[in-house]
Amino acid sequence: LIDVNYERLDSVTDPVAATEEDAPTIHEEREDNVAFTWSAGYAEEVDRRFEKAAETVEFTYRNQRIIPNAMEPRGLLAEYDSFTEELTVHLPSQQPFVHKTIMADVLGHPERKVRIKAPNIGGVFGSKSGFYPDEAVTAFCAMQVERPVKWIETRSESFQADDHGRGQVIDAEIAVGENDELLSLIHN
């Protein structure tokens, strides 16, 4: 008995076009559609190497967007022992220690009392490295009912909810030395 009315919103699917000034925005607080800017490396050393370069080369390349598709969708089993307050989550994670930290933080539970047991998960192409809301909800439910709780994703849910991979447009510049050795690389 629910009547839903949808309003079609403008969209843009190209990552470069999404950062242009007149592009539709996803979140009001991020008018430029840039989620974050991250920098790593040794800026002074990079600058020094570019200054002494015999030649520099600039180029742009695209890394296609993919929908990672593991043979088995995501799933987990969460168990909570109220006596010891230990939460054990059996989870096919590519980053179990990151999952442990985030799970503890999201649930407000001491990290030392959270254990992530990650089996051999095979090839997943990055889709099982992120932290998903369903993982926290399943663990929360196990803590509330004090019984094991299992959640298994369906194939169609996997296509809709799992993190997509790549979809990058990269502007790069390379500094090359006298003997064609690579001195440094910058990319955006």
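Let's start with one pair of residues: Thr 88 stands opposite Arg 115 in strand E4. Keep in mind as you look that this is a predicted model.

Where does this pair belong? Strand E3 covers residues 86–90 and E4 covers residues 114–117, and these two strands pair in the parallel sense over 4 bridges. To see how the chain gets from one strand to the other, follow it through helix H2, residues 96–107. Together, E3, H2 and E4 make a right-handed β-α-β unit.

Now turn to another partner of E3. Strand E2, residues 75–81, pairs with E3 in the antiparallel sense, over 5 bridges. Here you can find Leu 77 opposite His 90 of E3. E2 and E3 form a hairpin, with 4 residues between them. Look in the turn for Glu 85, which has a positive phi of about 60°.

Next, go back to helix H2 and find its neighbour, helix H3, which spans residues 133–145. How are the two helices placed? They pack at an angle of about 60°, and their axes lie 10 Å apart. Angles from 65 to 115 degrees would count as roughly perpendicular and those under 35 as roughly parallel, so H2 and H3 are oblique to each other. H2 passes H3 in a right-handed crossing.

Which residues meet there? On the H2 side they are His 99, Met 103, Val 106 and Leu 107, and on the H3 side Glu 135, Ala 136, Ala 139, Phe 140 and Met 143. Sorted by class, this contact has 7 nonpolar residues, 1 polar and 1 charged.

Definitions and conventions. Residues are numbered from 1 along each chain as its sequence is written. This is a predicted model: local features need pLDDT of at least 70, side-chain atom pairs count only at pLDDT 80 or more; totals for chains, interfaces and linings use all residues. Side-chain values use heavy atoms; hydrogens and water are left out. Two strands pair if DSSP finds at least two bridges between them. A crossover is right-handed if, with the strands pointing away from the viewer, the path from the first strand over the helix to the second runs clockwise. Axes are lines fitted to C-alpha atoms, for helices over the stretch in contact, and angles run from 0 to 180 degrees between N-to-C directions. Angles under 35 degrees count as roughly parallel, over 145 as roughly antiparallel, 65 to 115 as roughly perpendicular and the rest as oblique. A crossing is left-handed if the near helix is turned anticlockwise from the far one by less than a right angle, and right-handed if clockwise. Contact means heavy atoms within 4.5 Å. Ala, Val, Leu, Ile, Met, Phe, Trp, Tyr, Cys and Pro count as nonpolar, Asp, Glu, Lys and Arg as charged, and the others, Gly among them, as polar.
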